[in-house]
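Got the sequence and the 3D view open? Let's take a walk through this protein together, starting with the whole chain and then zooming in on some of its parts.

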Amino acid sequence: MAEAFDVPVETVRNMQKETNRGLIVKVEGGMRMIRPDEGEEGGEMYNDQGPHNGLEETICNMRIHQNLDTRGQADVYSRQAGRLHLVNMQKLPILRYMDMSAEKGHLFPNALYSPHWSMNSHSIIYVTRGDAQVQVVGHNGQSIMDQRVSQGEMFVVPQYFASAAKAGTNGFEWVSIKTSNLPMKSPLVGYTSVFRAMPIDVITNSYQISPQDARDLKLNRGQQSVLASPGRTST
């Protein structure tokens, strides 16, 4: 966390202290995704007369191939950190009926796949090249995984669990299969994170840290987000 936010380790320790912080609470009863009931889900593809006309022909004519290695078509690219290729039902419509998607990532040496959590899918990650230190944390703050993974290994990140990875000296490449045809992730770091949207006074009071520490949490990563270059705390 300290390296991802590019702040001193002590700042992160202060954020994690057990204090009475008003509206920031721990979920004791667990979390579950709200889903339509079975009848509503079935209504998307079926009506009272059975399947929609032409569905079989539509599936047969759909494109079922997508290249995830074209550098110029990366969905996320950072000159300092690496690139991400995503394929979901918008790029490959047949995935709509499979309710699956995929991600292919490439981190440069020592770069970060910054902390984030999936809002609507589980992820199965297979390492295709290099190695990385991977951390996975449950929604109750419990560390689920904190170890180095290398080529040929696989691990799982459940929905709602925060995860982060730091590439080794040879970089890190992976393929991830997700259990949603349109997966969404929420980054904890960078210009698209909730911290960037929060006023500095709110961060200061919520985590009981100094205004300068709050400013660093909010702004230190500049325009970086999901992919980030090595932080100062790594040196």
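Here is a short tour of the chain, a pair of helices and a handful of single residues.

## The whole chain

First, keep in mind that this is a predicted model. The protein chain has 8 helices and 12 strands. Of its 235 residues, 42% are buried. On the outside, the chain exposes about 14000 Å², and carbon and sulfur atoms supply 52% of that area.

How do the contacts spread along the sequence? Take the contacts between residues at least 6 apart in sequence: 71% of them join residues at least 24 apart. We'll run into a few examples of distant partners further down.

## Two helices that cross

Now find helix α7, residues 200–207, and helix α8, residues 211–219. Their axes come within 9 Å and cross at roughly 115°. An angle from 65 to 115 degrees counts as roughly perpendicular, so α7 and α8 are roughly perpendicular to each other. The crossing of α7 past α8 is right-handed.

Which residues of α7 and α8 meet? On the α7 side they are Ile200, Ile203 and Thr204; on the α8 side they are Pro211, Ala214, Arg215, Leu217 and Lys218. Sorted by class, this contact of α7 with α8 has 5 nonpolar, 1 polar and 2 charged residues.

Next, look at what is tucked away in each helix. In α7, the buried residues are Ile200, Ile203, Thr204, Ser206 and Tyr207. Their cover includes α2 (9–15), α6 (194–197) and α8. In α8, the buried residues are Asp213, Ala214, Asp216, Leu217 and Lys218. What covers those includes α1 (2–5), α2, α6 and α7. So each of the two helices is listed in the cover of the other's buried residues.

Is Asp216 of α8 buried or exposed? Buried means under 20% relative accessible area. Asp216 has 17%, so Asp216 is buried. Leaving aside its neighbours within four places in sequence, Asp216 is in contact with Phe5 and Val7.

## Some positive phi angles

Check the backbone right after α7. There you'll meet Gln208, whose phi is positive, near 55°. Two loop residues have a positive phi as well: Asp99, near 55°, and Asn110, about 70°. Neither Asp99 nor Asn110 is a glycine.

Where do these two sit? Asp99 is in the loop between α5 (95–98) and β5 (101–107). Asn110 is in the loop between β5 and β6 (112–118). As for how open they are, a residue counts as partly exposed between 20% and 50% relative accessible area. Asp99 has 35%, so Asp99 is partly exposed. Asn110 has 31%, so Asn110 is partly exposed too.

## Partners from elsewhere in the sequence

Let's finish with three residues that have partners further along or further back in the chain. Here are their C-alpha separations:

| Residue pair | Apart in sequence | C-alpha to C-alpha distance |
|---|---|---|
| Arg129 and Gln151 | 22 residues | 4.8 Å |
| Ala74 and Gly105 | 31 residues | 9.4 Å |
| Val175 and Thr128 | 47 residues | 7.0 Å |

Arg129 is in strand β7, residues 123–137. What does Arg129 contact, leaving aside its neighbours within four places in sequence? The partners are Gln151, Gly171, Phe172 and Glu173.

Ala74 is found in the loop between α4 (55–61) and β3 (76–78). Setting aside its neighbours within four places in sequence, Ala74 is in contact with Arg83, Leu84 and His85.

Val175 belongs to strand β10, residues 162–178. With a relative accessible area of 26%, Val175 is partly exposed. Not counting residues up to four places away in sequence, Val175 touches Glu103, Lys104, Ile124, Ile125, Tyr126 and Thr128. Thr128 is also the partner of Val175 in the table, with their C-alpha atoms 7.0 Å apart.

How values were computed
Residues are numbered from 1 along each chain as its sequence is written. This is a predicted model: local features need pLDDT of at least 70, side-chain atom pairs count only at pLDDT 80 or more; totals for chains, interfaces and linings use all residues. Side-chain values use heavy atoms; hydrogens and water are left out. Axes are lines fitted to C-alpha atoms, for helices over the stretch in contact, and angles run from 0 to 180 degrees between N-to-C directions. Helices (H or I, at least four residues) and strands (E, at least two) are DSSP runs, numbered from the N terminus. Angles under 35 degrees count as roughly parallel, over 145 as roughly antiparallel, 65 to 115 as roughly perpendicular and the rest as oblique. A crossing is left-handed if the near helix is turned anticlockwise from the far one by less than a right angle, and right-handed if clockwise. Contact means heavy atoms within 4.5 Å. Ala, Val, Leu, Ile, Met, Phe, Trp, Tyr, Cys and Pro count as nonpolar, Asp, Glu, Lys and Arg as charged, and the others, Gly among them, as polar. Buried means under 20% relative accessible area, exposed over 50%, partly exposed in between (1.4 Å probe, protein chains only). Accessible areas come from the Shrake-Rupley method with a 1.4 Å probe; for residues, only the protein chains shown count as cover.
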